[in-house]
Amino acid sequence: MAFSLAFPALTLFLIYIAYNLYRRLKAKLPPGPRPWPIIGNLYDIEPIRFRCFAAWSEIYGPIFSFYLGSQLNVVINNATLAKEVLKDNDQNLADRFRTKPLANVSRNGSDLIWADYGHHYVKVRKLCNLELFTSKRIEALRPIREDEVTSMIHDIFRDSTKQGKSLIMRSYLGLVAFNNITRLTFGKRFMDSQGNVDEQGKELKEIVSNGMKIGGKLNLGDFVPWLSCFFKDDNEALKAQDSHVDRFTRVIMEEHTLARKNTGETKQHFVDALLTLQKEYELSDDTVIGLLWDMVTAGMDTVAITVEWAMAELVKNTRVQQKAQEELDRVIGSDRVITESDMSKLTYLQSVVKESLRLHPPTPLMLPHLASANVKIGGYNIPKGTIVHVNVWALGRDPKVWKNPLQFRPERFIEEDIDMKGHDFRLLPFGAGRRICPGTNLAINMVTSMLAHLLHHFEWSPPIGIERDGIDMLESPGTVTYMQTPLQVVPTPRLPQHLYERSPIVI
Ligand code: HEM
C-alpha cells in the first residue's frame, strides 16, 4: 500500500526535477539551486541574503538564478558581470519589482525609488539632478549639517563625562541622520535642544518604523499571484499607513505654502523646492509626497549605518584610527572645529570612508532591478520580467580583484585611485548607471563630516573587558545592513572643552 502511494509521488517528483532542468537548459538560464514546487527557493535563502548569495555563487558561479515562488531572480557577483548589467544593458534592466506593500507606499511607482524606467522616471530623475541635489542647494543647506554634527559631538561629550563609560554609538548616529534628513526634506527640526521630540516628530518616527515593518515583509503572495487572496489581512495596515503618510505630509506642505505666502521667501528645503516646481514639472501630489518620503527612507539609515561600521573598523584598527587623527591634527590643528570646507584636504579620511563602504555597503544588494526586455548577461538569457540583484558586498570582497580583501587597509585607495561613484565596477556602494543613488555626493559628504568630527574630538576604544578583535562584525538581516550587535565604545575627549559647545542654528 505504502509502495503504491510512494511510487506515483516519486515519479511526479522526478518528472518535476527533469522538467525544471530541461526548462533551465533550454531557456539557457543561469544555473542555480533547484526550486521547490510553488514556493521556489523562498525558504532556502538564509536571512543574511547577500552572504547566502555569495556562498551560492561559490557553487553555481558568478551569475546564478533562483525562484521566489514562480518569480525568476538572477544574482550577479563579480565586477565584469555588474558592468554588463549596469552599463551595457542598463536601460533594459532599469525597472523595479514592486511587492504589494511597496506598490502601496509608492502609489504604484509615482515616486522615484519604485518607479519603472520611463517618461515619469526620466522627468523626476531630471528634477533630482537639476534642482534637488545641485551643489548650490546642498551647499545652502550646509549649516543644517554642521549644526547637527556639532550637536552630536556635544551630546557625546556630555554623556561621556557624565557617565564615564561606554556609549551605544547608534543612538547618536541615528539622531544626526534623522535630524539632517528631516530638516533637509521637511525643513523642520522635530526635537528641541534637550532631545525632546515634538508630537509631529513622534508621528514621523511612527510612520518610519511602521513603513519598515510593512515594506520589509516577504509574502509568498507577492510571488505566486494566485495565492495573494490569502494575504488579505495586511490590506488594512497598508491603507492605514497610506492615509497616515498622506495626512502628515499634507500638513507640512500646507505649513510651507503658508510660510512662503507670509514671508515671500522660498527656502532651500526639498519640500519648498518641490512645491515651487510642482507646476513646471507637472508633478502630482502623490509624486511630491512620494519623493519627500523617498529621501527619508533612502537617506536616513544608510548614512548612520555607514558611520557605525566605519567606527567599528576604526576601534578595531588602532593604527588606522591614529593615522586619521594625525591627519586631522595636521590639517585642522586642535584650536578649532572642522568645517565641510576642510574635507577635501583630508585624503586619508576619504580613503577610510571608501574602505569602509567597500567592506560594509549599507545596501549590499543595492535595490532590485527588473528586466523590461529579454537580455543576455554572461552568455545566459535573462527573460523580460526577471528580478536582477547586484551583490555589491561580494564585489567589494572578491579576491580576484582585491588584494587581501578582508583586511581593513585604507592605503589601498591611496596606492590606486579607485572611484566609488559608479565608474569602477569593483566598488559600487551607490550603484551605477541610470539608477545610481542621486544622493551620492550628499551621502559621502555627511559620512565624511561625521567621521571627521568623531575622530577629531575623541579617541575611541572598546569597553573594558572587550578585546578589539572581539567586536562582533556580523550583519543583521534586511535590505539595509545594520551591525548585528550595536557598537559600544568609550570616547575620550582630545580637544579643549570649549570646542564641544553647540549654538543651535535655525534655517
Ligand atoms: C551612504 C549612504 C548611501 C548609500 C550607500 C546609498 C546607496 C544607494 C543605492 C545602492 C541605491 C540603489 C541604486 C540602484 O538601484 O541601482 C540608492 C538609491 C537611491 N538613493 Fe541612496 N544611498 C545613500 C544615501 C542616500 C541619501 C542621503 C539620499 C537622499 C537624501 C539617497 C537617495 C536615494 C534615492 C532617491 C534612490 C533611488 C534612485 C532610483 O531608484 O533611481 N541615498 N542609494
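A residue is called buried if 20 or more other C-beta atoms lie within 10 Å of its own, exposed if 12 or fewer do, and partly exposed in between. Keep that rule at hand for the exercises below, which explore a predicted model.

**Exercise 1. The chain as a whole**

Find what share of the residues is buried, and decide whether the radius of gyration agrees with that of a compact globule.

*Solution.*
- Step 1: Start with the burial rule. Applied to the 507 residues of the chain, it marks 39% as buried.
- Step 2: Now turn to overall size. A compact globule of 507 residues would have a radius of gyration near 23 Å, and because the chain has 24 Å, the two agree.
- Step 3: Add the dimensions. The C-alpha trace spans about 85 × 55 × 45 Å along its principal axes.
- Step 4: Look at what the chain is built from: 18 helices and nine strands.
- Step 5: Consider how distant parts of the sequence meet. Of the contacts between residues at least 6 apart in sequence, 73% join residues at least 24 apart.

**Exercise 2. The nonpolar core**

Identify the residues that touch the most other members of the largest nonpolar core, and the helix that gives the most to this core.

*Solution.*
- Step 1: Recall a general tendency. In soluble globular proteins, nonpolar side chains tend to be buried together.
- Step 2: Here the largest nonpolar core has 116 residues, and A82, L292, M311 and L451 touch the most other members.
- Step 3: The helix that gives the most to this core is α13, residues 285-316, with 19 residues.
- Step 4: Take A82 as a sample. Beyond its neighbours within four places in sequence, A82 is in contact with I76, V390, L395, F425 and L428.

**Exercise 3. Cysteine 437 and the ligand**

Where is C437 found, and is it buried or exposed? Then describe the residues around the ligand.

*Solution.*
- Step 1: Locate the residue. C437 is in the loop between α17 (412-415) and α18 (440-457).
- Step 2: Count neighbours. C437 has 21 C-beta neighbours inside 10 Å, so it counts as buried.
- Step 3: List its contacts. Leaving aside neighbours within four places in sequence, these are F430, G431 and A443.
- Step 4: Check the record. An unreviewed UniProt entry places the feature "binding site" at C437.
- Step 5: Move to the ligand. It has 25 residues around it, of which A298, G299, G431, C437 and G439 come nearest. The elements giving two or more residues to this shell are α13 and α18, and α13 supplies the largest share, seven residues.
- Step 6: Sort the shell by class: 17 residues are nonpolar, six are polar and two are charged.

**Exercise 4. Two buried residues**

Explain why V392 and F458 count as buried, and list what each one touches.

*Solution.*
- Step 1: V392 lies in helix α16, residues 392-396. It has 28 C-beta neighbours inside 10 Å, so V392 counts as buried.
- Step 2: Leaving aside neighbours within four places in sequence, V392 is in contact with P361, P364, M366, L428 and P429.
- Step 3: Compare sequence with space. V392 and I76 are 316 residues apart along the chain, while their C-alpha atoms are separated by 8.6 Å.
- Step 4: F458 sits in strand β8. With 21 C-beta neighbours inside 10 Å, F458 is buried too.
- Step 5: Not counting residues up to four places away in sequence, F458 touches I156, P491, T492, P493 and R494.

**Exercise 5. Residues in loops**

Classify E467, I38 and E282 as buried, partly exposed or exposed.

*Solution.*
- Step 1: E467 is found in the loop between β8 (458-461) and β9 (488-493). Because it has 8 other C-beta atoms within 10 Å, E467 is exposed.
- Step 2: I38 belongs to the loop between α1 (2-27) and α2 (49-60). Its count is 14 other C-beta atoms within 10 Å, so I38 is partly exposed.
- Step 3: E282 lies in the loop between α12 (270-277) and α13. With 10 other C-beta atoms within 10 Å, E282 is exposed.
- Step 4: Finish with the backbone. I38 has a positive phi of about 65° although it is not a glycine. E282, also not a glycine, has a positive phi of about 50°.

Conventions:
Residues numbered from 1 in each chain as written. Predicted model: local features only at pLDDT ≥ 70, side-chain atom pairs only at ≥ 80, totals over all residues. Helix = DSSP H or I, 4+ residues; strand = E, 2+ residues; numbered from the N terminus. Rg over C-alpha atoms; globule rule 2.2 N^0.38 Å. Contact = placed C-beta atoms within 7 Å. UniProt positions renumbered as here; feature names shortened; annotations may be inferred. Core = buried A, V, L, I, M, F, W, Y, C linked by C-beta atoms within 7 Å. Near = placed C-beta within 6 Å. Nonpolar A, V, L, I, M, F, W, Y, C, P; charged D, E, K, R; others polar.
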